[in-house]
Amino acid sequence: MKKKLFAVCTLLFSCTLLLAQEVQYEEYDLDNGLHVILHKDNSAPVVTTSVMYHVGGKDRTEGRTGFAHLFEHLLFEGTKNIEKGKWFEIVSSNGGTNNANTTQDRTYYYEVFPSNNLELGLWLESERMLHPVINQDGVDTQIEVVKEEKRLRYDNSPYGQLLPVLGENLFEKHPYKDPNIGYMKDLEAATLEDVKAYNEKYYVPNNAVLVVAGDIDIAKTKGLVQDYFGPIPKGADVSRNYPKETPITTERRVQFYDPNIQIPAAGLAYRTPGFKERDAYVLDMISTYLSDGPTSKLYKKMVDDQKQALQVGAFNIPQEDYSMYFVFALPVGETPLDTLISEMEEEIAKVRTVPISERDYQKLQNKFENQYVNSNSSVEGIANSLARNYMLYGDTELINKEIEIYRSVTRDEIMEVASKYLKPNQRVIIDYLPEEKPSN
Amino acid sequence: MKKLYTLLFSILVATATQAQVDRSTMPKPGPAPEINLEEPQSFSLNNGLKVMVVENHKLPTVSIQLTIDNPPILEGDKAGVSSLTGSLMGQGSKNIPKDEFNEEVDFLGARISFGAQSAFASSLSKYFPRMMELMADAAINPNFTQEEFDKEKDILITALKAEEKDVSAISGRVQRALAYGKDHPYGEFTTIETVNNIKLEDVKTFYRDYFVPANAYLVVVGDVNFDEVKELTEKYFTSWTKAVPPSFTYSKPKDVYNTQISFVDMPNAVQSEITVQNIVNLKMKDPDYLPALLANQILGGGGEARLFLNLREDKGYTYGSYSAIGDDKYEPSRFRATVSVRNAVTDSSVVEILKEIDRIITEPVSEKELKNTKAKYAGRFVMALEQPQTIANYALNIEKEGLPKDFYKTYLERLEKITVEDVQKAAQKYFSSSNARVVVTGKGSEVLENLEKVEFKGKTLPVLFYSKTAERTEKPDYNAASPEGLTAETVIENYLKAIGGKETLESVYSYSMTAEAEMQGMKLNLELKKTSKDQFMQDIQMMGNSLSKQVLDGDTGYMVAQGQRKDFSEEEITKIKEESAPFPELNYLAAGGLTLEGTDMVGDTKAYKVKVTDNKTVFYDTETGLKLQEVNVIDMQGQTMQQTMMLEDYREVSGILFPYKLIQSMGPQNIEFIVSEIKVNEGVTPADFE
């Protein structure tokens with residue numbers, strides 16, 4: 001257990017503030033390589049057990065996309081000791097909730113229970129890691145469910161195709177070019193052998209982190225973790241070597257038609273560095289500067305004053321190898337998309353060429369401080385941050401010191417980063433347009 | 001050496017404890033965790049404002065919530081006034097202009113928002129005093145300006161327009177109107193007409209009448225101390241003038257005598273919205289409140305509930321089907337079971353929902369269902385305690401709903417005691433399969449025939465028809481619309497007759513047309529010329545520059561778009577020829593292959609739908625015979641797109657009726673051409689087609 005010292009304290013006030021909310025935790029490895037993080041908070045009788053696997057949409061071979069997301073479903077099918085279809089009933093009839101989600105980079109499974117069911121949570125997750133039942137029947141069922149999910153979330157949902165459209169247009173070689181949910185033909189072509197091999201490769205203790213957070217007794221929890229996870233055999237080391245992209249140097253413009261929308265969207269997309277890079281933090285600040293809150297630059301100008309846009313947004317889609325940066329606007333009435341594009345570019349150009357004002361800089365710092373404080377408001381959220389910081393950012397302690405990175409970014413640096421990544425010749429313009437549905 | 005020792009130790013530990021773990025059976029829960037239900041501290045101001053404070057110093061944040069618990073308000077012919085009041089609140093105050101107000105809140109990294117009878121703010125606790133001041137100022141001294149009023153009114157009207165085609169929005173308002181009647185606060189709805197009745201003065205009056213402290217609660221949760229909250233509240237909220245809102249009584253809504261279907265026809269619906277509803281008199285303080293919640297949970301509370309398992313998992317009719325039961329201390333609420341389904345299974349879904357409601361009324365639920373549902377509720381209750389707001393909400397409910405002080409302390413105990421009989425009794429009292437209103441909103445031409453055959457408990461359910469504004473109407477008359485023996489050819493002949501007669505039309509050897517449109521602030525000019533000898537020219541110009549030009553002269557032709565000239569292929573020429581004739585309908589008859597596909601609505605007009613080719617469908621008014629709309633499916637850079645042309649404002653030129661308004665829509669574009677001139681048999685020379 002590390003002792004944390006805050007060497008740099010410019011203001012006494014901010015020091016006490018930080019100490020008041022420091023997240024305490026303990027971390028260690030089991031012999032099979034499983035990394036364990038324990039966080040104790042007895043203020044409410046609730047416990048979260050979660051496992052993050054370092055496997056996501058990008059971990060696939062050509063022609064076998066969408067495997068990680070399919071697995072998110074498959075690994076609820078049942079285990080040697082949990083009958084098929086009983087998982088959700090076990091959780092809900094014990095007063096808990098559970099869920100899972102998959103990004104291009106990782107998969108996260110978790111349960112939240114009243115704290116007297118800690119052992120149940122550990123049993124469920126260890127069963128999933130040790131011996132999930134993977135058979136043809138389950139694969140067939142879950143492929144159908146994934147297809148329904150695709151219809152609901154992407155094909156049938158307003159603006160649902162946005163992320164796949166961004167990926168497709170910002171990447172040529174890197175697996176990020178393909179949708180996280182995969183191509184349905186790839187899933188259909190998957191054999192049971194493919195699926196089993198994928199499980200053996202990625203869903204192993206040495207490619208995972210377990211977090212237990214909430215109303216726990218540390219010593220007792222360590223014992224239980226060892227009991228349930230200790231016997232799981234270690235897997236082979238996982239290595240990744242995905243192709244590098246060549247930088248985008250000429251602007252492109254693409255159209256995409258979505259039958260589920262009435263109002264088009266104009267978007268500017270950029271390829272930006274992976275989330276571990278310092279520049280990614282700076283880009284986060286630029287997003288906030290541009291579109292967070294009623295006095296942010298784009299909102300104030302385009303929505304409030306000029307009434308050209310119903311909505312504007314700038315956001316960073318954080319990913320491990322490269323992130324995607326997206327600025328968009330939805331027009332009011334007949335405002336041409338080209339007008340929205342030039343209005344957005346005008347504000348981005350200012351960030352590239354002039355340092356933001358002192359007052360705006362202070363506003364950004366205040367917003368990030370507020371965001372940072374609130375990010376640790378639920379035990380469930382803390383568990384997720386601990387797992388993510390360890391596995392993807394390589395530093396668990398970021399949970400307490402991430403704010404320092406934002407604090408250290410200067411006004412000049414904001415300008416430098418904007419002109420490094422957000423130039424017009426680096427962008428892809430996306431016209432996201434409604435497709436008329438047949439009226440009958 | 002040390003490493004070896006650690007390894008050895010951990011193996012020992014592992015084996016020692018492993019003996020105690022039998023992973024083949026599910027671990028048993030430990031003893032129930034102790035629940036610590038704190039009580040908030042509270043006080044009142046003389047103007048009636050009640051304040052509750054939950055101190056929680058875990059994080060340096062605070063939230064401030066103002067709730068005004070007034071009885072429901074009937075807005076009548078000014079429905080929408082409360083919504084407008086809500087949008088205008090928090091736009092600064094009489095003391096701070098809007099921009100400065102927003103700038104300050106944003107600068108502090110804080111959030112603040114207002115409703116017509118509520119307000120909410122959150123920030124770091126170090127800014128708490130200023131946030132209290134800002135909230136109080138904006139709440140007590142709102143700045144209602146004509147400019148902001150006009151802006152918010154426009155936004156509201158745009159939203160209402162968008163709603164007119166929204167099947168679920170229409171379904172929702174008809175359900176409420178039918179359950180309560182339109183003269184009840186819960187049954188009335190906002191329309192463009194009622195919004196247009198609202199003046200800025202009405203917003204001010206609404207605010208004056210209802211934004212008053214008599215029924216107001218201020219709840220402060222977070223890293224604050226009680227004395228400070230008290231001091232600040234007294235400082236900033238004492239000037240809020242004491243007043244009691246006007247109160248009215250409303251007629252009590254009643255259920256129907258027999259279960260019946262209320263049908264709303266929406267020709268654009270691709271899914272039917274089905275709601276089975278009945279009136280419920282349930283308050284939180286009623287002794288059977290918890291059993292009623294459990295009954296609803298078992299019937300339709302989620303993915304493990306009966307409606308979901310039947311309609312989704314078993315039948316595959318839908319993505320989800322749920323039920324909900326409301327409670328309300330002022331007025332009756334509703335029980336509703338809902339589903340959205342594809343048109344083809346509308347009738348079957350009605351039957352399945354009614355069956356499930358009937359089953360939970362007539363048969364006891366299983367012990368297992370009850371046990372699992374209790375556990376789910378207990379878990380939810382315990383886990384909610386993680387949020388400090390929960391404590392505040394509980395205290396607020398006790399106050400507002402007049403609950404016993406120990407309502408939440410005894411919650412788990414009361415939950416545990418609920419029996420299968422209690423659940424059935426609650427289901428019998430609060431759910432109805434024999435006096436239910438089944439509101440179906442969908443495409444009548446596809447679902448009505450089977451819906452009228454729906455039988456439940458041996459009886460065919462009556463079907464009553466309602467408009468989109470919940471008025472009783474006639475059954476949509478789909479059959480009379482397509483009289484026996486009517487063919488596509490007759491429809492075309494009627495059209496030709498209506499616009500001038502075959503003979504007159506055949507005497508036309510050329511015509512020219514000019515029209516204007518505005519697109520994104522720019523003026524577009526359209527020039528169109530046609531002859532009966534396969535000659536066609538269409539030129540669209542913007543500010544004197546040609547955007548696109550198409551020319552056909554017999555068997556050759558070309559197009560120029562953005563300065564690029566391209567000759568037409570043979571295939572394209574054949575296609576253009578079909579359309580290039582002055583009156584293509586004359587050719588349709590000769591070409592044959594037409595199909596009458598029944599009737600459909602074009603806007604509010606009933607029309608015959610004639611399929612000309614796979615890619616072209618034309619709609620003709622059933623009454624006047626005139627052409628109302630053409631729908632073309634075109635291929636554009638590999639994308640199949642649908643292009644619609646609406647024809648309106650027919651006027652006579654040389655004995656022939658021509659549409660003077662042409663609205664073309666494709667994708668997001670909607671271009672409205674207004675014809676400025678049409679010339680028949682003049683103004684066209686062979687040079688036009690070079």
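How far apart do the C-alpha centres of domain 1 of chain B and domain 3 of chain B lie? The answer is 52 Å. The model behind all the views below is predicted.

**View 1. Domains of chain B.** The domain assignment splits chain B into domain 1 (41-237), domain 2 (260-476) and domain 3 (488-689). Between the C-alpha centres of domain 1 and domain 3 of chain B there are 52 Å. A UniProt annotation, from an unreviewed entry, places "domain: Peptidase M16 C-terminal" on residues 197-376 of chain B. The end C-alpha atoms of residues 197-376 of chain B are 48 Å apart. Helix accounts for 39% of this span and strand for 21%.

**View 2. The annotated span of chain A.** In chain A, the UniProt annotation "domain: Peptidase M16 C-terminal" (unreviewed entry) covers residues 190-367. The C-alpha atoms at the two ends of residues 190-367 of chain A lie 46 Å apart. This span is 41% helix and 24% strand.

**View 3. Domain 1 against domain 2 in chain A.** Chain A divides into domain 1 (23-229) and domain 2 (252-434). Their C-alpha centres are 28 Å apart. Domain 1 of chain A puts 35 residues into the contact, and domain 2 of chain A puts in 32 residues. On the domain 1 side, the elements giving two or more residues are strands S2 (35-40), S3 (46-53), S5 (107-114) and S6 (208-214), together with helix H6 (162-170), of chain A. H6(A) gives the most to this side, with five residues. By class, the domain 1 side holds 18 nonpolar, 13 polar and four charged residues.

**View 4. Chain A against chain B.** The contact draws 60 residues from chain A and 51 residues from chain B. Several elements of chain A each supply at least two residues to its side, among them helix H1 (12-20), helix H4 (118-130), helix H9 (218-229) and strand S11 (427-434). Helix H13 (358-375) of chain A is also one of these elements. H13(A) gives the most to the side of chain A that touches chain B, with seven residues. That side has 23 nonpolar, 25 polar and 12 charged residues.

**View 5. Helices H10 and H16 of chain A.** Helix H10 (residues 278-291) and helix H16 (residues 411-421) of chain A pack with their axes 9 Å apart. The angle is about 100°. Angles of 65 to 115 degrees count as roughly perpendicular, and H10(A) and H16(A) are therefore roughly perpendicular to each other. From H10(A), the contact includes A:Asp279, A:Val282 and A:Leu283. A:Met285 and A:Ile286 complete the H10(A) side. Facing them in H16(A) are A:Glu413, A:Ile414, A:Val417, A:Ala418 and A:Tyr421. The contact of H10(A) with H16(A) has eight nonpolar, no polar and two charged residues.

**View 6. Helices H12 and H16 of chain A.** H16(A) also packs with helix H12 (residues 337-353) of chain A. The axes of H12(A) and H16(A) come within 6 Å and cross at roughly 125°. The two helices are therefore oblique to each other. A:Ile348, A:Val351 and A:Arg352 in H12(A) meet A:Ile414, A:Met415, A:Ala418 and A:Ser419 in H16(A). The class count for this contact is five nonpolar, one polar and one charged.

**View 7. The six-stranded sheet of chain A.** This open sheet of chain A has the strand order S1-S2-S6-S3-S5-S4, with mixed pairing. Strand S1 (26-29) and strand S4 (97-102) of chain A are the edge strands, each pairing on one side only. From one strand to the next, the twist averages 15°. S2(A) and S6(A) run parallel, joined by six bridges. A:His39 stands opposite A:Ala213 in S6(A).

**View 8. The six-stranded sheet of chain B.** Six strands of chain B form an open sheet in the order S1-S2-S6-S3-S5-S4, and the pairing is mixed. Strand S1 (41-44) and strand S4 (111-115) of chain B each have a single partner strand, so one side of each lacks a neighbour in the sheet. Neighbouring strands are turned by 10° against each other on average, direction ignored. Strand S3 (residues 61-68) and strand S5 (residues 118-124) of chain B run antiparallel, with seven bridges between them. B:Thr67 has B:Ser118 in S5(B) as its bridge partner. Helix H14 (residues 388-401) of chain B packs on the sheet and touches strand S2 (50-55), S3 and strand S6 (216-222) of chain B. The direction of H14(B) makes about 160° with that of S6(B).

Notes: Residues are numbered from 1 along each chain as its sequence is written. Chains are lettered from A and ligands numbered from 1 in the order in which they are written. This is a predicted model: local features need pLDDT of at least 70, side-chain atom pairs count only at pLDDT 80 or more; totals for chains, interfaces and linings use all residues. UniProt positions are given in the numbering used here, feature names are shortened, and annotations may be inferred rather than shown by experiment. Helices (H or I, at least four residues) and strands (E, at least two) are DSSP runs, numbered from the N terminus. Domain bounds come from an automatic or database domain assignment. Two residues are in contact if their C-beta atoms, placed from the backbone, lie within 7 Å. Ala, Val, Leu, Ile, Met, Phe, Trp, Tyr, Cys and Pro count as nonpolar, Asp, Glu, Lys and Arg as charged, and the others, Gly among them, as polar. Axes are lines fitted to C-alpha atoms, for helices over the stretch in contact, and angles run from 0 to 180 degrees between N-to-C directions. Angles under 35 degrees count as roughly parallel, over 145 as roughly antiparallel, 65 to 115 as roughly perpendicular and the rest as oblique. Two strands pair if DSSP finds at least two bridges between them.
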